Amino acid sequence: MFVLSSSDIRFEEEKLFSMGQTPLALMSIVGAMSALKFIEDFKNVCKVVAVCGKGNNAGDALALLYNLKLKGYDCSIYQPWGAATEECRVQRELCRSLGIEETSDLKSADVIVEGLLGVGFYGNLREETLKLIREINNLNKPIVSMDIPAGLNSDTGEPQPDAIRAAYTYSIGFLKRGYLFRQSYEYTGKVIVIDIGFPPPENGLKIFTSSDAKTLIKKKDDFSHKVEKGSLLVWAGSKQYPGALRLCLEGALNMGVGMSFSIVEDEFSILPPETIPIAERDFISNEIDEKISKKFRAVLIGPGLTNKRETFIKEFVSKTSLPLILDADALFPDIVDLIKDKEVVITPHEGEFRRIYKNDSDRVERFEAFLEQFPNITLVLKGPNTLVGKGSQKYVVPIADCDLAVAGSGDVLSGMIGALLSTGYDTLTASLLAVFVHAIIPEIARQKNMRVTRSSDLIKLLKALGGFENIIESCDFI
Ligand SMILES: NC(=O)C1=CN([C@@H]2O[C@H](COP(=O)(O)OP(=O)(O)OC[C@H]3O[C@@H](n4cnc5c(N)ncnc54)[C@H](O)[C@@H]3O)[C@@H](O)[C@H]2O)[C@H](O)CC1
Ligand SMILES: [K+]
């Protein structure tokens with residue numbers, strides 16, 4: 001499953017058409033495939049009215065209606081402005097051939113199929129269309145929108161100025177980029193992708209699912225020693241934020257690292273019993289035992305550090321050849337130039353990302369622009385629908401879950417990514433797997449009548465649910 005902009009969708013359609021595929025043939029597939037979905041979603045419903053515009057989006061709605069009629073649904077059409085495209089006229093003829101009649105009585109419908117506007121919509125709604133959309137919304141009937149709820153901008157997810165409030169949106173072929181944004185949620189309802197056989201697109205963001213995650217998990221090696229199992233150095237926490245360090249380390253330990261080290265300001269820092277402390281003064285003056293420093297396989301810097309040691313951290317980051325993960329306070333405004341050729345993951349949230357990368361466009365565009373400019377850096381842009389990418393490989397972990405929005409949740413995540421990096425996963429794979437596991441824990445917990453209310457619950461559940469591999473293996477909802 002992929003998320004595409006409207007211009008990329010047009011591009012993919014044109015590619016098919018240049019090979020001889022036709023809009024009419026695609027529309028027939030839309031009709032058949034969306035009817036299968038509809039029958040699942042509305043098992044007992046009998047009266048369906050398709051409210052149609054003039055274009056091919058209306059054609060999709062009519063193609064669905066045709067298939068529903070064949071399955072015994074009571075169907076009628078409301079198409080106040082007639083059909084403007086050949087494909088739409090054909091679908092209408094097919095509907096007529098089955099005896100589907102016209103109506104203007106929308107009130108008697110049990111379900112409305114909305115085919116007013118799809119990706120052919122631009123600018124702001126015309127007055128008459130806006131009026132109709134509001135009338136339909138006011139009926140308070142379940143609405144199935146074909147491709148896009150009419151009135152919604154498919155790239156930004158914004159209503160122009162209003163949009164259909166659908167119960168279901170049957171997104172044809174791909175998810176629209178606008179569906180990643182919060183403002184679209186109250187209009188789209190549940191978004192279902194109707195697969196009509198597009199090959200993988202050239203552009204776009206891939207939705208990362210449990211089946212993708214399953215293929216990436218490495219087999220355990222029972223003969224590996226503790227350093228090979230992962231050995232992570234963490235530089236995090238401060239007197240002001242002592243908990244950040246613990247959360248990073250516990251996250252890493254419960255991902256299964258064999259060894260963990262922590263740079264500490266004073267020997268009284270409370271560490272997990274497995275973690276080996278390294279005095280900050282020794283680290284900065286380069287006086288740590290070589291036998292110890294040889295054991296590091298990856299370094300995590302940043303959570304809760306405050307702005308101390310900036311000069312040294314930058315110097316260390318520039319010199320080291322170890323895989324790095326930089327989060328929070330290690331994301332200095334000018335850090336990107338120092339790390340652009342390194343094996344590195346950065347994990348900013350929106351605010352931190354703005355600090356290190358200035359660009360006025362929306363979240364997804366900024367994410368893509370950064371990857372293009374810095375193709376070596378793996379970027380994890382945290383938030384609902386976390387974006388993860390490196391160069392041309394761009395992913396969305398499609399989970400928005402407010403149980404993840406708790407203090408320290410990001411610290412746990414950085415520890416989890418650091419752990420996988422230190423076991424030899426490449427930067428992108430480590431990030432994808434850790435972000436995915438972290439994001440699905442609250443839902444898996446709810447399914448077992450448990451609840452994540454604090455970030456240490458994420459750590460406990462990571463262990464209690466059998467470790468990250470088992471959590472991925474048992475995930476069946478995404
Ligand atoms: N292209 C394909 O082969 C396939 C497309 N599918 C479906 O078709 C729509 C896109 O269809 P298109 O005919 O290009 O446009 P629309 O039906 O979305 O709308 C065109 C229609 O809307 C009017 N319009 C434009 N802007 C406004 C506005 N601001 N206010 C009011 N009305 C507006 C315009 O005048 C036209 O009359 C796509 O979404 C799919 O649903 C199939 O899925 C498969 C193949
Ligand atoms: K629509």
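In this predicted model, Asn57 is buried, because 26 other C-beta atoms lie within 10 Å and 20 or more suffice for that label. The residue is found in helix 3 (residues 56-70), and UniProt, in an unreviewed entry, lists Asn57 under "binding site". Leaving aside residues up to four places away in sequence, Asn57 touches Gly115, Leu116, Leu117, Gly118 and Gly120, together with Met146 and Asp147.

A further part of the model concerns the packing of helices. Two packed helices are described by the angle between their axes and the distance between the axes. Helix 8 (residues 242-255) and helix 15 (residues 409-422) pack with their axes 7 Å apart and at an angle of about 40°, and the two helices are therefore oblique to each other. The crossing of helix 8 and helix 15 is right-handed, and the residues that make the contact are set out below.

| Helix | Residues in the contact |
|---|---|
| Helix 8 | Ala244, Leu247, Cys248, Leu249, Glu250, Gly251, Ala252, Met255 |
| Helix 15 | Asp411, Val412, Ser414, Gly415, Met416, Gly418, Ala419, Leu420 |

By character, the residues of this contact between helix 8 and helix 15 comprise 10 nonpolar, 4 polar and 2 charged.

Helix 17 (residues 455-464) has Ser455, Asp457, Leu458, Ile459, Leu461 and Leu462 as its buried residues, and these pack against helix 8 and helix 15, as well as against helix 16 (427-447) and helix 18 (467-474). After helix 17 comes Gly466, with a positive phi near 95°.

Notes
Residues numbered from 1 in each chain as written. Chains lettered and ligands numbered in written order. Predicted model: local features only at pLDDT ≥ 70, side-chain atom pairs only at ≥ 80, totals over all residues. Axes fitted to C-alpha atoms, helices over the stretch in contact; angles between N-to-C directions. Helix = DSSP H or I, 4+ residues; strand = E, 2+ residues; numbered from the N terminus. Parallel < 35°, antiparallel > 145°, perpendicular 65-115°, else oblique. Left-handed = near helix turned anticlockwise from the far one by under 90°. Contact = placed C-beta atoms within 7 Å. Nonpolar A, V, L, I, M, F, W, Y, C, P; charged D, E, K, R; others polar. UniProt positions renumbered as here; feature names shortened; annotations may be inferred. Buried ≥ 20, exposed ≤ 12 C-beta atoms within 10 Å, placed from the backbone.
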